[in-house]
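Here is a short briefing on one protein chain. Keep the sequence and the structure in view as you read.

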Amino acid sequence: LCRDLAVALRELGRYAESVDVAQNALAQEATSADLWLAYGLALSSSSHYARAVRAFLTSYRLNPRDANVLLNVGQSMMHAGRTETALNYFTQAHRRLPNSTHVILALCEHYMSIDRPATVSALLNKALALDPNDANVMDTYANVLARVSVYDRALSVRRRIVRLHPHLLQH
């Protein structure tokens with residue numbers, strides 16, 4: 001129940017409250033991997049990346065089958081400026097979840113940040129092969145195209161996103 005409340009508060013953008021709820025719940029139930037994950041997400045959302053990493057790693061130690069936690073560790077490391085360490089976690093997550101577009105997109109973000117367009121291209125091709133209609137994959141593809149000044153193709157991809165996912169448009 002506390003984990004669900006922490007998650008709901010985080011989704012509402014009430015990060016400090018989410019952190020407090022998860023922290024208080026952990027005082028009662030420190031062996032719940034899901035609760036440590038919720039705590040890590042709340043911390044990460046409130047830009048407390050070092051604390052988030054510790055929470056994610058605790059969650060992973062309690063439930064090493066959840067490779068998605070490795071993705072969360074990597075993302076928090078990236079936000080904290082520790083890109084090489086982040087890559088280690090993204091790579092571990094990718095080995096465990098080779099067909100996860102979330103993991104592939106995190107790797108793309110990493111390689112874009114260090115200007116490795118050939119690697120990004122190969123990863124995006126894989127992600128597009130897995131799900132050619134995934135809005136996040138197409139958006140990343142459009143961003144990469146725009147970054148390398150292929151504006152017409154980037155615009156075409158963005159139009160495709162709008163056509164396939166009109167519900168994603170914000171009014």
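## N72 and its surroundings

Beyond its neighbours within four places in sequence, N72 is in contact with L37, L41 and F56. N72 is found in helix α5. N72 counts as buried because its relative accessible area is 15%, under the 20% cut-off. The model is a predicted one.

**Overall build**

- The chain holds 10 helices and 0 strands.
- Read along the sequence, the pattern is α-α-α-α-α-α-α-α-α-α.
- The C-alpha trace spans about 55 × 35 × 25 Å along its principal axes.
- The chain has 171 residues, and 42% of them count as buried.
- Take the contacts between residues at least 6 apart in sequence: 42% of these join residues at least 24 apart.

**Nonpolar core**

- In soluble globular proteins, nonpolar side chains tend to be buried together.
- The largest nonpolar core here has 52 residues.
- Y39, V73, F90, L107, V120 and L124 touch the most other members of this core.
- Helix α7 gives the most to this core, with 8 residues.
- What does L107 contact, leaving aside its neighbours within four places in sequence? The partners are L87, F90, T91, H94 and L123.
- F90 thus appears twice: F90 is in contact with L107, and both F90 and L107 are among the residues that touch the most other core members.

**Aromatic pair**

- How many aromatic pairs does a search of the whole structure find? The search finds 1.
- W36 and Y39 form this pair, and the geometry is edge-to-face.
- The ring centres of W36 and Y39 are 5.9 Å apart, with 70 degrees between the planes.
- That angle counts as edge-to-face because it is over 60 degrees.
- W36 and Y39 are 3 residues apart in helix α3, so about one helical turn separates them.
- Both W36 and Y39 are buried.
- Y39 also belongs to the group that touches the most other members of the largest nonpolar core.

**Largest pocket**

- Rolling a probe the size of a water molecule over the atoms shows where empty space is left.
- The largest pocket has a volume of about 190 Å³.
- Its lining consists of Q75, H102, L105, A106, E109, M112, N136, T140 and N143.
- Which helix gives the most to this lining? Helix α7 does, with 5 residues.
- Helices α7 and α9 (135–147) each supply at least two lining residues.
- By class, the lining of the largest pocket has 3 nonpolar, 5 polar and 1 charged residues.

**Second largest pocket**

- The second largest pocket holds about 160 Å³ of space.
- R10, L41, S44, S45, F56, N72, Q75, S76, H79 and E109 line the second largest pocket.
- Helix α5 (68–79) and helix α3 each supply at least two of these residues.
- Helix α5 gives the most, with 4 residues.
- By class, the lining of the second largest pocket has 2 nonpolar, 6 polar and 2 charged residues.
- N72 is in this lining, as are L41 and F56, two of the residues in contact with N72.
- Q75 and E109 line the largest pocket and also the second largest pocket.

**Positive phi in two loops**

- Most residues other than glycine have a negative phi.
- S47 has a phi near 65 degrees, a positive value in a residue other than glycine.
- S47 sits in the loop between α3 (33–45) and α4 (49–62).
- S47 counts as partly exposed because its relative accessibility is 46%, between the 20% and 50% cut-offs.
- D115 is not a glycine either, and its phi is positive at about 55 degrees.
- D115 lies in the loop between α7 (101–113) and α8 (117–130).
- Is D115 buried or exposed? D115 is exposed, because its relative accessible area of 56% is over 50%.

**N68 and S100**

- N68 lies in helix α5.
- N68 counts as partly exposed, with 38% relative accessibility.
- N68 and S100 are 32 residues apart in sequence.
- In space, N68 and S100 are 9.3 Å apart, C-alpha to C-alpha.

Terms used:
Residues are numbered from 1 along each chain as its sequence is written. This is a predicted model: local features need pLDDT of at least 70, side-chain atom pairs count only at pLDDT 80 or more; totals for chains, interfaces and linings use all residues. Side-chain values use heavy atoms; hydrogens and water are left out. Buried means under 20% relative accessible area, exposed over 50%, partly exposed in between (1.4 Å probe, protein chains only). On a 1 Å grid over the protein atoms alone, a cavity is a set of points where a 1.4 Å probe fits but cannot get out, and a pocket is an open set with protein on both sides within 12 Å along at least five of seven lines; lining residues have an atom within 4 Å of a point. Grid points are joined across faces, edges and corners, and a volume is the space filled by probe spheres set on the points. Ala, Val, Leu, Ile, Met, Phe, Trp, Tyr, Cys and Pro count as nonpolar, Asp, Glu, Lys and Arg as charged, and the others, Gly among them, as polar. Rings of Phe, Tyr and Trp (its six-membered ring) pair if their centres lie within 6.5 Å; planes under 30 degrees apart count as stacked, over 60 as edge-to-face and the rest as tilted. A nonpolar core is a set of buried Ala, Val, Leu, Ile, Met, Phe, Trp, Tyr and Cys residues joined through side-chain atoms within 4.5 Å. Contact means heavy atoms within 4.5 Å.
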